[in-house]
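I opened my notebook to look up which charged side chains pair up here. Here is what I wrote down, entry by entry.

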Amino acid sequence: MVKILKPILLIFIKSKAMKRLVIDLLKALAKQTDNTIDDQAVEFIEARMFPGSTTGLQ
């Protein structure tokens, strides 16, 4: 079963939609904290995952 699902999951993980989902989840988690370091970390990750995006860390 794992041999069948593994290639499918690996392809799905590399998709742009999955990357966007991960970024959105990280942003939601970062909003729940009081510090700003995690917000900056999410911006850094987003800038590296989506080089053409309009984040402040280009």
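Entry one, the network. I am working from a predicted model. In it I found Arg20, Lys27 and Glu46 joined in a network of salt bridges. My search of the whole structure gave 2 salt bridges.

Entry two, arginine 20 with glutamate 46. I looked up the closest N and O atoms of this salt bridge and got 3.0 Å. Glutamate 46 sits in helix α3 and arginine 20 in helix α2 (residues 16–31), so this pair ties together parts 26 residues apart in sequence.

Entry three, lysine 27 with glutamate 46. Here the closest N and O atoms of the salt bridge are 3.3 Å apart. This pair also links distant parts of the chain, with lysine 27 in helix α2 and glutamate 46 in helix α3, 19 residues apart.

Entry four, accessibility. I asked myself: is glutamate 46 buried or exposed? Its relative accessible area is 8%, so I noted glutamate 46 as buried, the cut-off being under 20%. Arginine 20 comes out at 29% relative accessibility, which I noted as partly exposed. Lysine 27 is partly exposed too, with a relative accessible area of 33%.

Entry five, phenylalanine 50. Where does phenylalanine 50 lie? I found it in the segment after α3 (37–49). Phenylalanine 50 has 9% relative accessibility, so it counts as buried. I also checked its C-alpha atom against that of glutamine 40: the two residues are 10 apart along the chain, and their C-alpha atoms are separated by 15 Å.

Methods: Residues are numbered from 1 along each chain as its sequence is written. This is a predicted model: local features need pLDDT of at least 70, side-chain atom pairs count only at pLDDT 80 or more; totals for chains, interfaces and linings use all residues. Side-chain values use heavy atoms; hydrogens and water are left out. Helices (H or I, at least four residues) and strands (E, at least two) are DSSP runs, numbered from the N terminus. Buried means under 20% relative accessible area, exposed over 50%, partly exposed in between (1.4 Å probe, protein chains only). A salt bridge is a side-chain nitrogen of Lys or Arg within 4 Å of a carboxyl oxygen of Asp or Glu.
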